[in-house]
Amino acid sequence: RIPTNSNLEISGDITVEAWLRPNAAQTNIGNVLMKGAYGYAFGIMANGTIAWWQTGSQNSGPESTTAITQDGSTWTHVAIVNEGGVGTTFYINGEPVGSNATGGSFQVQSGDLTIGAQGNCNCNPFNGLIDEVRIWNDTRTAQEISDNYITTISEVEQGLAAYYRFNEGAGTTIYDEVTATSYTPSFNSIIWSATDAGVTQSGGQ
């Protein structure tokens, strides 16, 4: 769990992104991130679809119409755009894969940000690797997601609330590019991997 800060206290429009490499099919739901106990959150269902937690429930929330590959070797970029809790759009590798014009309301929670598990119980963990997590306090357009999912971005992008690149490779802290702060998770230790999503530096460098 990453200690919360004012940037993470989002109650309106929100976009969340991450690169994922599932080791295998998830059990129930593999939670990628969750704010507090049942705040804004998303995960991957056993069948590979992306699920957005709606008002604290994984069962009633909207899901993508397309599944990601869960074979232990394939990296996939996923993004969820939630417009003030009244509409949700999902993206896989920069392409829209379903939307719900009326669903997706989420609870506002002041607790820490959990990456890789369910926030209230440290249960339903994501079975796989997570890279390049971005949280925005606005609704990213389809063009913005398509243009930027495969490259790094500047930490001063308008609307960017948190950006965890997970480039440390070792140690006990996670660096947030936006706040320029290294955070020590308060629950589980970090398990690093030499394998990453292969995101290129902006400008092709």
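I will go through two spots in this structure, a disulfide and a serine.

A word on the source: this is a predicted model.

The disulfide comes up first in my notes. How many disulfides does the structure hold? The count is 1. That link joins C121 to C123, with the two sulfurs 1.8 Å apart. As for its handedness, the angle about the S-S bond is -45°, and the link of C121 and C123 is left-handed. For anyone who wants the chemistry spelled out, a disulfide is a covalent bond between the sulfur atoms of two cysteines.

Next, are these cysteines buried or exposed? Neither word applies. C121 has 36% relative accessibility, so C121 counts as partly exposed. C123 comes out at 25%, and that also makes C123 partly exposed. The lower cut-off matters here, because buried means under 20% relative accessible area.

Now the serine. S64 sits in strand 5, which covers residues 63–67. Its relative accessible area is 6%, so S64 is buried.

What does the side chain of S64 reach? One partner is the backbone nitrogen of I50, at 2.9 Å. Another is the backbone oxygen of T66, at 2.7 Å. T66 belongs to the residue range of strand 5 as well.

Then there is the wider set of contacts. Leaving aside residues up to four places away in sequence, S64 touches T49, I50, F90 and V97. I50 is therefore on that list and also supplies the backbone nitrogen reached by the S64 side chain, where the cut-off for a polar contact is 3.5 Å.

To recap the two spots: a left-handed link between C121 and C123, and a buried S64 in strand 5.

Note on methods:
Residues are numbered from 1 along each chain as its sequence is written. This is a predicted model: local features need pLDDT of at least 70, side-chain atom pairs count only at pLDDT 80 or more; totals for chains, interfaces and linings use all residues. Side-chain values use heavy atoms; hydrogens and water are left out. A disulfide is a pair of cysteine sulfur atoms within 2.5 Å. Buried means under 20% relative accessible area, exposed over 50%, partly exposed in between (1.4 Å probe, protein chains only). Helices (H or I, at least four residues) and strands (E, at least two) are DSSP runs, numbered from the N terminus. A polar contact is a pair of N or O atoms within 3.5 Å; within protein, one must be able to donate a hydrogen and the other to accept it, and residues adjacent in sequence count only if both atoms are side-chain atoms. Contact means heavy atoms within 4.5 Å.
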